[in-house]
Amino acid sequence: DDKIIAEKTVEMPQPQSAMIIIDFHNGEVKAIMGGRGEKSLNLSLNRAVDSMRQPGSVFKILASYAPAIDLKKATAATIIVDAPYTAPGGYKPKNYYSGYRGPSTIRDGIRDSMNILAVKNMINTGVANCFDYLLKFGLTTLVDGEEINGKIYSDKVASTALGGITKGVTQLEVTAAYATIANLGEYNRPIFYTKVLDHNNNILLDNQPEPKKVLSPQTAYILTDMMKDVVKKGTGTKARFKKSKMPISGKTGTTNDTKDLTFVGYTPYYAAGIWLGYDKPKTMREDHGYHLKLWSSIMEEIHSSLEYKDFIKPSGLTSVSICKKTGLLASSMCKSSGTAVTENFIANTQPKKYCSSHAQKNIENIDDKNKNKTDNGQEIQTESKEPNTEKTADKSKSEPAATIDNSNSNIPAEPVMPD
């Protein structure tokens, strides 16, 4: 029989963290941190590539907004009503803040990480369509009809818009997905080496990247532009550089009871994702934003000697002045009242009508489009089941939430409450 002659216990500091930095132009992994503390073991747990954790609101971009804009089912100026909502299958998303904000643009929803907007947008786009995009982004841990411990699970459900997925994702894959957006819609499989040579310089292994188009360059730029607001004045302000003026785009993510804190962001040079949490999930405080400050500190040092440059703006975009209250073309009244803003659109997707007032009846919003859609975007005949009686914190009226039959929502994933 085997006999134990020595034993060593290694305690890992808690909470733990993981980070990965990718050159999105070619998929090369430039740096990786698998955890905190002194490395004392070989082949030990690397949390950046081995651990699957819930991504929270980081998933909103990948699972909801990117597909919607790329399929031209929504724009940055699309109005969605933040009000009580029941998704097909009975899932009821809740915001992390109290009350409701009424009609809001998708730009608002991304900046302030509004949960109900993300779910409504996913339903309008089609849950199946959004799930297909997640696979194109290189995410391999998603499930659809998989049996686990005698139960069937699927991530092809509305709660996926908020990062409520069955197994979670690795920092490597979710960062590579955001690197796709940074790379104007082209996905590069993350690589740790480019080739292996023998002693005669013959190539034994060739690992050159093979770019794959996931989004149009126009979609990618619009997403980048909206996510800049997250860092400038939204939920990710602590990720801003202290000295450098280099532009940053990204998205925060927080799960139920703040057991996982995530931020994935990028500059015109690199994409980087960071996770903070306990190996055995445990509630943390999020108000300090330690993961955001750490991301900022590391990335600013990396960029300290790099020349300033902005994100590349592709052709095929149209910039117009719109009313941020209605999503329509700004009138002189909008400009005088301070509600006019300039927004980018994929050519020919900009609004055609001018805002005549800021009344609720003039708002063309995504709830109206949702009333007769299945999860694949097909027209059906349904009726709204919620009365138009809810009042919000910011508006005196709100639109009724759409009720849509979605056969894919009968197996809900574990919902989360992202930031």
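Phe 311 is buried, with a relative accessible area of 12%; buried means under 20% relative accessible area, exposed over 50%, and partly exposed in between, with a 1.4 Å probe and protein chains only. This is a predicted model, in which local features need pLDDT of at least 70 and side-chain atom pairs count only at pLDDT 80 or more, while totals for chains, interfaces and linings use all residues. Residues are numbered from 1 along each chain as its sequence is written, and side-chain values use heavy atoms, with hydrogens and water left out.

Rings of Phe, Tyr and Trp (its six-membered ring) pair if their centres lie within 6.5 Å; planes under 30 degrees apart count as stacked, over 60 as edge-to-face, and the rest as tilted. By this rule there are five aromatic pairs. In one of them, Tyr 266 and Phe 311 meet edge-to-face, 5.7 Å centre to centre and with 80 degrees between the planes. This pair links distant parts of the chain, 45 residues apart: Tyr 266 is in strand β12 (residues 260–266), and Phe 311 is in the loop between α7 (290–303) and β14 (317–323). Helices (H or I, at least four residues) and strands (E, at least two) are DSSP runs, numbered from the N terminus. Tyr 266 is buried too, with a relative accessible area of 0%.

The ring planes of Tyr 269 and Tyr 270 are at 35 degrees, with centres 6.5 Å apart, so this pair is tilted. Both tyrosines, Tyr 269 and Tyr 270, are buried. Phe 241, Phe 263 and Trp 295 form one aromatic cluster.
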